[in-house]
There are 2 protein chains.
Amino acid sequence: MCPHANGDALPNGTSQMVAVDMSNGATHTSSVKSNGVNGHSNGVNGHSNGINTGAKILEQQQRNPYAPRASDFLSNVSNFKIIESTLREGEQFANAFFDTKTKIAIAKALDAFGVEYIELTSPAASEQSRADCEAICKLGLKAKILTHIRCHMDDARIAVETGVDGVDVVIGTSSFLREFSHGKDMAYITKTAIEVIEFVKTKGIEVRFSSEDSFRSDLVDLLSIYQTVDKIGVNRVGIADTVGCANPRQVYDLVRTLRGVVHCDIEIHLHNDTGMAIANAYTALEAGATHIDTSVLGIGERVGITPLGGLVACLYAANPEYVKSKYNLSMLREIENLVAEAVEVNVPFSNPITGYCAFTHKAGIHAKAILNNPSTYEILKPEDFGLTRYVSIGHRLTGWNAVKSRVEQLGLKLTDEEVKDATAKIKELADVRTQSMDDVDSLLRVYHSGIQSGELAVGQKEALDRLLRKHREERQRARDASASQPPLQQIC
Amino acid sequence: MCPHANGDALPNGTSQMVAVDMSNGATHTSSVKSNGVNGHSNGVNGHSNGINTGAKILEQQQRNPYAPRASDFLSNVSNFKIIESTLREGEQFANAFFDTKTKIAIAKALDAFGVEYIELTSPAASEQSRADCEAICKLGLKAKILTHIRCHMDDARIAVETGVDGVDVVIGTSSFLREFSHGKDMAYITKTAIEVIEFVKTKGIEVRFSSEDSFRSDLVDLLSIYQTVDKIGVNRVGIADTVGCANPRQVYDLVRTLRGVVHCDIEIHLHNDTGMAIANAYTALEAGATHIDTSVLGIGERVGITPLGGLVACLYAANPEYVKSKYNLSMLREIENLVAEAVEVNVPFSNPITGYCAFTHKAGIHAKAILNNPSTYEILKPEDFGLTRYVSIGHRLTGWNAVKSRVEQLGLKLTDEEVKDATAKIKELADVRTQSMDDVDSLLRVYHSGIQSGELAVGQKEALDRLLRKHREERQRARDASASQPPLQQIC
């Protein structure tokens, strides 16, 4: 693993940070329910697609400045379920090979986090896939267990025998897939879909029907087959951006159109080839989708799908209380590290929430405002995710407000003019090389004692240089003296 | 650096891949203009916000199945400029310390890639920042050089003396920033903005006025100040999602509203805290924005802003020919590696285009279709970015079509039934551990020679196991024999 794979450590040579200890007034009642009966309230024919009431949205807005300005009756941004597919889509990631033990560890962690559904590789893929599917069904998790199969009776017969709570059926409907993948026409697809769905329903478990490559499928074909399967009582229909070509407004349009055609729930599965999978998921919920597919860190075919952490980040920004009530957010980093290790990748430095500098503030004007009120530059509260905020000060973009905060942390007394003067010196030194926290602290202490002793006043650059040189020489002498002492074991 | 930081190597233990050599019919005239006069066509008062003609969009649609279905006259998806801010926003990334040499290398690389603008840290930030700004202005790059300053006459006076082609002015307008950052009211902000803009205009260079934290600013305040600065002849107004709280439909609404209020160009700057910065940029262009801020790998405050590569990916998906004509796409990976090394991070495994598995296909049904026609599961042509496609086959999700392709590459002759039989064996072995390409090749060769010699037929599992065992034993004997030879230098 790389040095900062776990998000803890910064690489060498990085500028040092000040941990900001700040309990700002806005206290949230931190009623994180470790895992409710999420997902289980949706019965076989639950059709739980709720429509938010205006009052609920108004209440939300009053609490949260990031909530949409105008109410939107289609939106499920505060009424959704996660179908976590690390153990299905994630297994299609180039690096993934999950043995039984790893699969069980991931399933348990996702369940403790609170995802409503866990989707597993088809038991038809291999003998071990079937055995693992059965083993996970027997764990007695709160999350519902799904498996994902081709739209084929052979696969369906195997799937329903594993003990799963539901079966996700998929078939390619785009002209591309119909021509280059399975070679079937829409009449054949419809007939097979009906057969498979009716078979799964006889077993009393959930069934979802999804097209593949939906955004390149003929719209009339799509709506027609969705309407047909809705009428025979499918629990969910699924839209899939299999190639990652969709953009947010296309997603909104398709989901909203579909919302007017079917009564059942709507699931969406979004690949991330152009980096839009999180935003597309958010927009799908706004248009009335009810279930979002995710994987941890987004692992899957190619660059993968909507990542669990990113989805949580944007939904938390819209309604923190709802997201905190559903999921055990402080587990996110642990789950990401578990999966990153299993598939031998680093958590990206730019990962929402857990990227190692997600809560690091650097530019002077940012640092100043953050110190006054974290909400100025932060929409996610790091403490809700078990994380900490940092303000970086030993660099040339630093500002005197951040330095003043450090002065106070060190228990030193300096006027604003003095702090500004010391800041100018930090900038000058940082123009040559980034200053460590130790460097900054030494400078502030030397500055402070110079002021106290009367050897220094604001603007006396040469006096400050002399004091700093003297300090360095004293430190060097102390180091030399300690180096001339024989090491302890040689004395003994 | 971590082992796969440069995107070349796969970590140990990863399943092996088949490089797919496939020249599919659709030849693009690869007229990559290394760098045109992009960005220079927008004069001081250019107001170059173009409106696409229906004919142009229709032509696009005929060429590209991923282009929007219906034409949209507001959209600038095929008419935009990039303001590349790695050397300004990127310098605010926790790890960034760019010395002069590194800044020049990055500026030259971005210029060769073809970005229209390069934005630099304020010369007021430090002495070295000013010197570097002057040095980059003297390079004679095709890209226009901008610097980014606070809305303050002191900063403006320094900026206009550096030789830049334009100045980007910013001030916080949200109630949060007005209360906790600079403490100024809208009347003061407007007065200062007019003073700074008129001053910069007297120097004959471009000037942009941007609010900060625009999505939490009062809409009437915002539109009012934008209208005022538009009337006095600002070149661009900027919208900034400084805290990364916006979602695509909010971005669309604000940009579209603003498009109806001002005549000048519209720039947008989007932070990525919830992972929506690429999609928000795309949506801003759809609503009529003209200029998008990016940084390489998205580096910036916290998790950064819209990444250059991600933006290119989504705009290429919408109109490949336009994007190829503007930018030297095969340089993307090199630029990302340059910046990743400078700030000591890894290119994320999930990075659009250059993530090390962005063109790796694994699941059986994907592999089959990709082998028939890459467009089935790919919206980006790897060859347009100087990259290669892989199909992974040594795992339990493999399919017989991918294996058949490998059989043909090895020059072996097997019937489809035989390939399916061999595939079943690969799945069985891969259920225990992922098979390397060498393992797969050995199995296929043993299978083929068994069929040829008559020792094996389809379905004879025991015979195949016996032949594989025999092959392993022979290989082991060969290895033992070579190990028992004394090493060369001992003989000499």
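## Close-up views of the predicted model

**Figure 1. Surroundings of Val458(A) in a loop of chain A.** With a relative accessibility of 42%, Val458(A) counts as partly exposed. The model shown in this and the other views is predicted. Val458(A) sits in the loop that runs between α16 and α17 (461–484) of chain A. Apart from neighbours within four places in sequence, the residues in contact with Val458(A) are Glu417(A), Glu418(A), Asp421(A) and Tyr447(A). Ala422(A) is 36 residues from Val458(A) in sequence, and their C-alpha atoms are 8.6 Å apart in space.

**Figure 2. Packing of helix α14 against helix α16 in chain A.** Two packed helices are described by the angle between their axes and the distance between the axes. For α14 (residues 400–409) and α16 (residues 437–453) of chain A, the angle is about 75 degrees and the axes are 11 Å apart. This makes α14(A) roughly perpendicular to α16(A), because angles of 65 to 115 degrees fall in that class. On the α14(A) side, the contact is made by Val403(A), Arg406(A) and Val407(A). On the α16(A) side, Met437(A), Asp441(A) and Leu444(A) take part. Of the residues in the contact of α14(A) with α16(A), four are nonpolar, two are charged and none is polar. An α-helix has 3.6 residues a turn, so residues three or four places apart point the same way.

**Figure 3. Helix α14 of chain B and the glycine that follows.** The view covers residues 400–409 of chain B. Ala402(B), Val403(B), Ser405(B), Arg406(B) and Val407(B) are buried in this helix. After α14(B) comes Gly411(B), with a positive phi near 75 degrees.

**Figure 4. Phe113(A) and the largest nonpolar core.** Phe113(A) is part of helix α2 (residues 100–113) of chain A. The relative accessible area of Phe113(A) is 0%, so this residue is buried. The largest nonpolar core has 224 residues. Phe113(A), Ile118(A) and Phe209(A) are among the residues with the most contacts inside this core, and Phe113(B), Ile118(B) and Phe209(B) are also listed there. In soluble globular proteins, nonpolar side chains tend to be buried together. Between the C-alpha atoms of Phe113(A) and Met437(A) there are 36 Å, with the two residues 324 positions apart along the chain.

**Figure 5. Contacts of Phe209(B).** Phe209(B) is one of the residues with the most contacts inside the largest nonpolar core. Residues up to four places away in sequence are not counted in this view. Phe209(B) touches Cys151(B), Val169(B), Ile171(B), Ala193(B), Ile197(B) and Ile225(B). The list of residues touched by Phe209(B) also includes Tyr226(B), Val229(B), Val234(B), Arg236(B), Val237(B) and Gly238(B).

**Figure 6. Asp213(B) and Ser214(B) in the loop between β6 and α7 of chain B.** The loop containing Asp213(B) lies between β6 (206–212) and α7 (219–231). Asp213(B) is not a glycine, yet its phi is positive, at about 55 degrees. With a relative accessible area of 1%, Asp213(B) is buried. Ser214(B), in the loop between β6 and α7, is buried at 0% relative accessibility. Leaving aside neighbours within four places in sequence, Ser214(B) is in contact with Leu222(B), Tyr226(B), Ile239(B), Ala240(B) and Leu254(B). Ser174(B) is 40 residues from Ser214(B) in sequence, with a C-alpha to C-alpha distance of 6.5 Å.

**Figure 7. Helix α10 of chain B in its surroundings.** Helix α10 spans residues 308–318 of chain B, and 11 of its 11 residues are buried, so the helix is largely enclosed by the rest of the structure. The buried residues of α10(B) include Leu308(B), Gly309(B), Gly310(B), Leu311(B), Val312(B) and Ala313(B). Cys314(B), Leu315(B), Tyr316(B), Ala317(B) and Ala318(B) are also buried in α10(B).

**Figure 8. Domains of chain A and Glu344(A).** The domain assignment places domain 1 at 70–341 and domain 2 at 358–478 of chain A. The centres of these domains, taken over C-alpha atoms, are 49 Å apart. Eight residues from domain 1 and seven residues from domain 2 form the contact. Glu344(A) lies in the loop between α12 (332–342) and β10 (360–361) of chain A. Glu344(A), a residue other than glycine, has a positive phi near 55 degrees. At 34% relative accessibility, Glu344(A) is partly exposed. Chain A has 18 helices and 11 strands, and 62% of its 492 residues count as buried.

Notes. Residues are numbered from 1 along each chain as its sequence is written. Chains are lettered from A and ligands numbered from 1 in the order in which they are written. This is a predicted model: local features need pLDDT of at least 70, side-chain atom pairs count only at pLDDT 80 or more; totals for chains, interfaces and linings use all residues. Side-chain values use heavy atoms; hydrogens and water are left out. Axes are lines fitted to C-alpha atoms, for helices over the stretch in contact, and angles run from 0 to 180 degrees between N-to-C directions. Helices (H or I, at least four residues) and strands (E, at least two) are DSSP runs, numbered from the N terminus. Angles under 35 degrees count as roughly parallel, over 145 as roughly antiparallel, 65 to 115 as roughly perpendicular and the rest as oblique. Contact means heavy atoms within 4.5 Å. Ala, Val, Leu, Ile, Met, Phe, Trp, Tyr, Cys and Pro count as nonpolar, Asp, Glu, Lys and Arg as charged, and the others, Gly among them, as polar. A nonpolar core is a set of buried Ala, Val, Leu, Ile, Met, Phe, Trp, Tyr and Cys residues joined through side-chain atoms within 4.5 Å. Buried means under 20% relative accessible area, exposed over 50%, partly exposed in between (1.4 Å probe, protein chains only). Domain bounds come from an automatic or database domain assignment.
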